[in-house]
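The exercises below go with the structure shown here. Try each task before reading its solution.

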Amino acid sequence: MRTVRLPDGNSLPALGLGTWNMGDAPARREEEIATIRLALDLGVRLIDTAEMYGEGQSESLIGAAIAGRRDEAFLVSKVYPHNASRRGAIAACERSLKRLGTDHLDLYLLHWRGAVALEETLEAFLRLQAAGKICYFGVSNLDLDDMQAWYALTGGDGVATDQVLYNLTRRGIELDLLPWLRARHIPLMAYSPVEQGRLLREPRLIDFAHRHGISPAHAALGWLLAQEDLIVIPKTSRRAHLRENLHALEAPLSPAQCAELDALFPAPRQPVPLAML
Ligand code: NAP
């Protein structure tokens, strides 16, 4: 599996598995567990979840799926902003660990900025890190000004990633946030990379994919993965879709194909505030 370098020199897998809405429906449980296990079999080690997803049901499902295989996974979870206080984040992390059936998270993120001061959340993350409960910490949905505020805190420059909405139709970050992160070698984690499925029904993408003999998912994910410092976390509950999404790594898009997609889905000319799904 291709990896992306963290500021400390260690690496994260470039392609992960999102799990929002997984664990919610008993009828889908068997296939969802099989998909997570297949992901590990195929080297997709990074699994992204959050205490918010199904109020813990996603974490519990992952716990069941990776039982006996913890070491193969790179687990990412997130704390609700209203739980992200000095003590609240530590308690929330303990609950996540229990649901996931593990003694540590590989990466723990602040899900978005809320009313709790960033200093408090960072302090909790540093304590969790010192206690070995989390290996890395990071943030999510922070636009440039919030990211700068986090980074300026003592210890804030240890941030491993900012997980934000980024795909062919959401390119505003290329004007401000993305270059700022790149200058500091902080990898960006792109969520909703196929716009929750809507991008795959977009005629311009379907036409491009048809002309190049690839699937729309391959095209959308391939465009992101062509940027070497991105981590991309498409969600799928289906093994067939997982295999299809992996084509984006197995058969990278050429520079000419990426340029064509750049032109079909141009970035905005002016910065736009970071959107959140
Ligand atoms: P997404 O990954 O862009 O899209 C997921 C949707 O696309 C699902 O309906 C999935 O259906 C479908 N899909 C995936 N691969 C497909 C394929 N090859 N062919 C056809 N359909 C396909 O959206 P997302 O779930 O919002 O984002 C990904 C992950 O990012 C989330 O699961 C979550 O872990 C994370 N996230 C984080 C935040 C945040 O605030 N930090 C916000 C949103 C998402 P099937 O399951 O049927 O394949």
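**Exercise 1. Find which element supplies the largest share of the lining of the largest pocket.**

Solution. The model is predicted. Begin with the elements that each supply at least two residues of this lining: α8 (216-225) and α9 (239-250). Of the lining of the largest pocket, α9 gives the largest share, three residues.

**Exercise 2. Describe the largest pocket by its volume, its lining and the residues nearest its centre.**

Solution. Step one is the volume, which is about 740 Å³ for the largest pocket. Step two is the lining, made up of 35 residues. Nearest the centre of the pocket lie V194, Q196, P234, K235 and T236. Step three sorts the lining by type: 14 residues are nonpolar, 14 are polar and seven are charged.

**Exercise 3. State how many cavities of 30 Å³ or more the whole structure holds, and list the lining of the largest cavity.**

Solution. Searching the whole structure gives one cavity of 30 Å³ or more. The largest cavity holds about 30 Å³ of space. Its lining consists of L15, G16, L17, P234, T236, L242 and N245. Two elements, β3 and α9, give two or more residues each to this lining. Sorted by type, the lining of the largest cavity has four nonpolar residues, three polar ones and no charged ones. Now compare the two linings: P234 and T236 belong to the lining of the cavity, and P234 and T236 are also among the residues nearest the centre of the largest pocket.

**Exercise 4. Give the strand order of the open sheet and say whether its pairing is parallel or antiparallel.**

Solution. Read across the sheet, the eight strands come in the order β3-β4-β5-β6-β7-β8-β9-β10, and their pairing is parallel. At the edges are β3 (16-18) and β10 (230-232), each of which pairs on one side only. From one strand to the next, the twist averages 25°.

Next, take one pair of strands. Strands β5 (residues 74-79) and β6 (residues 105-110) run parallel and are joined by four bridges. For K78, the bridge partner in β6 is L109. Helix α3 (residues 88-100) packs on the sheet and touches β5, β6 and β7 (134-140). The direction of α3 makes about 135° with that of β6.

**Exercise 5. Identify the residue with which R99 forms a salt bridge, and place both partners in the structure.**

Solution. Side chains of opposite charge can pair when their charged atoms come close. The partner of R99 is E59, with 2.7 Å between the closest N and O atoms. That distance falls within the 4 Å allowed for a salt bridge. R99 sits in helix α3 and E59 in helix α2 (residues 57-65). The two residues are 40 residues apart, so the pair links distant parts of the chain. The count for the structure comes to 19 salt bridges.

**Exercise 6. Locate P271 and name the residues it touches, not counting those up to four places away in sequence.**

Solution. P271 is in the segment that follows α10 (255-264). On the stated count, P271 touches L175 and D176. Along the chain, P271 and L175 are 96 residues apart, yet 5.8 Å separates their C-alpha atoms.

Notes: Residues numbered from 1 in each chain as written. Predicted model: local features only at pLDDT ≥ 70, side-chain atom pairs only at ≥ 80, totals over all residues. Heavy atoms only, no water. Pairing = 2+ DSSP bridges. Axes fitted to C-alpha atoms, helices over the stretch in contact; angles between N-to-C directions. Contact = heavy atoms within 4.5 Å. 1 Å grid on protein atoms, 1.4 Å probe; cavity = no way out; pocket = protein on both sides within 12 Å on 5 of 7 lines; lining within 4 Å. Points joined across faces, edges and corners; volume = space filled by probe spheres on them. Nonpolar A, V, L, I, M, F, W, Y, C, P; charged D, E, K, R; others polar. Salt bridge = Lys/Arg side-chain N within 4 Å of Asp/Glu carboxyl O.
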